[in-house]
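Please open the model in the viewer and keep the selection tool at hand. The stops below concern aromatic rings and nonpolar cores.

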Amino acid sequence: MTRGRPSAVLLFLAHGRGAAVDILHVIFDDLRPDLGAYGRRWARTPHLDALADGGVVFTQAHAAVALCAPSRASFLTGRRPDWNGVIDLWTHHRGADRRAVTLPQALRESEERYLTVSYGKVFHQGQDDPLAWAPQAEFADHHTCRGKRWSPATPPGSPGDPCPGQRPARWNYQDYQLPGLMRGEGGSRFWFERGPDANPNGVNYTDYVIADQARGGLERLAAQPRPWYLAVGFVRPHLPFNSPAPFFDAFPIDAVPPPPRPRPPSHASVLTANSVRVGEGELNARIWKRPDEEGNLVTTYLRKASMAGNFAAAYAAAVSFADAQFGRVMD
């Protein structure tokens with residue numbers, strides 16, 4: 001677990017199997033250290049807090065870059081972004097360095113011949129790695145999109161989809177949305193959404209599906225003889241901060257303080273400062289704007305106290321929902 005604004009928080013859990021250990025690697029996208037384990041009194045993260053109570057909490061471990069692709073390429077290759085060449089959202093780590101060896105690849109190619117499997121967002125969107133994972137011939141779970149590269153502009157089910165029929169298995173940010181409520185579709189919602197009362201547990205939400213996949217994968221991996229590495233990448237609390245009604249309602253506007261720093265710190269590296277600006281760009285994406293709307297949504301809306309409070313509360317709700325899915329995996 002890390003302090004600051006990580007692009008992902010990493011959890012490693014392992015238990016022995018002879019000379020090797022089985023490894024469960026859990027990743028949360030855009031998770032700040034807004035957990036009870038880090039003293040955040042407003043947080044409702046009982047499952048991660050319980051893990052922290054029995055494990056090691058790192059308070060000075062920082063993301064290489066506060067941006068998805070370079071951060072993930074860094075911790076999955078063990079190399080800094082200025083070494084591996086991935087400093088943006090579009091460069092694949094093998095395009096930058098064909099000799100790169102990723103963590104799951106190293107385990108797979110080791111003497112122990114790990115069985116390596118993943119569900120959810122492990123590498124950045126569309127930048128998966130076929131050398132990292134066991135093929136279907138070794139672990140047949142019908143998750144045929146694993147390891148494939150695809151354009152983020154190609155949503156599941158659209159022409160050019162490299163994994164037709166894999167919608168339940170292929171994670172997608174926008175599966176959280178009720179499209180009619182989003183401002184870009186004529187609704188009133190910005191960057192967050194309260195789910196319908198009829199679905200209090202978030203069944204079929206992206207991370208609920210990922211947790212189901214992980215639970216099934218764990219059962220099958222535990223029943224076979226090889227040592228294994230399972231990576232589980234939850235999408236939330238990445239934008240949009242949508243969560244089921246009970247999680248959303250648990251955080252009133254004044255319950256969570258807004259982020260203390262609206263701009264990059266004065267001594268941030270160029271990469272980090274630019275990534276923070278890119279993050280602001282995500283908040284200004286066309287999907288959040290009405291068809292005839294121009295201008296900066298952050299300046300117009302988010303820096304107002306009422307919207308900032310709503311935004312912070314919605315983020316805390318998304319964190320709490322992600323924690324609940326982690327708990328389902330660990331049950």
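Select Arg328 and Tyr208 to begin: in this predicted model, the charged end of Arg328 sits over the ring of Tyr208, 3.8 Å from the ring centre. A second arrangement of this kind is found by selecting Arg44 together with Phe251, where the charged end of the arginine sits over the ring at 5.9 Å from its centre.

Turn next to rings that pair with rings. The count of aromatic pairs comes to 10. One of them joins Phe28 and Phe326, in an edge-to-face arrangement with 6.1 Å between centres and 70° between planes. Colour strand β2 (residues 20-29) and helix α10 (residues 305-330): Phe28 belongs to the strand and Phe326 to the helix, so this pair ties together parts that are 298 residues apart in sequence. Are these two rings buried or exposed? Both Phe28 and Phe326 are buried.

Now select Trp191 and Phe311. Their rings also form an edge-to-face pair, 5.7 Å centre to centre, with 85° between the planes. Trp191 lies in the loop between β3 (115-120) and β4 (192-194), whereas Phe311 lies in helix α10, so the contact ties together parts that are 120 residues apart in sequence. Trp191 has 0% relative accessibility and therefore counts as buried, the limit being under 20%. Phe311, at 12% relative accessibility, counts as buried as well. Add Phe241 and Tyr315 to the selection: ring pairs link these two with Trp191 and Phe311 into a cluster.

Widen the view to the nonpolar interior. In soluble globular proteins, nonpolar side chains tend to be buried together. Here the largest nonpolar core has 43 residues, and those with the most contacts inside it are Phe28, Trp191, Phe192, Leu230, Phe234, Phe241 and Phe311. To trace where the core comes from, colour β2, β3, α6 (206-222), β5 (228-234), α9 (297-302) and α10, the elements that give two or more residues to it. Which element contributes the largest share? Helix α10 does, with nine residues.

Within this core, centre on Phe234. Setting aside neighbours within four places in sequence, Phe234 is in contact with Val26, Ile27, Phe28, Asp29, Asp207, Ile210, Ala211, Gln325, Phe326 and Val329. Phe28 and Phe326, the edge-to-face pair visited earlier, are thus among the contacts of Phe234.

For the last stop, select Ile23, Leu76, Tyr114 and Val122. These residues are among the 12 that make up a second, separate core.

Methods: Residues numbered from 1 in each chain as written. Predicted model: local features only at pLDDT ≥ 70, side-chain atom pairs only at ≥ 80, totals over all residues. Heavy atoms only, no water. Phe/Tyr/Trp six-rings, centres within 6.5 Å; stacked < 30°, edge-to-face > 60°. Helix = DSSP H or I, 4+ residues; strand = E, 2+ residues; numbered from the N terminus. Buried < 20%, exposed > 50% of the residue type's maximum accessible area, 1.4 Å probe, protein only. Lys NZ or Arg CZ within 6 Å of the ring centre and 35° of its normal. Core = buried A, V, L, I, M, F, W, Y, C linked by side-chain atoms within 4.5 Å. Contact = heavy atoms within 4.5 Å.
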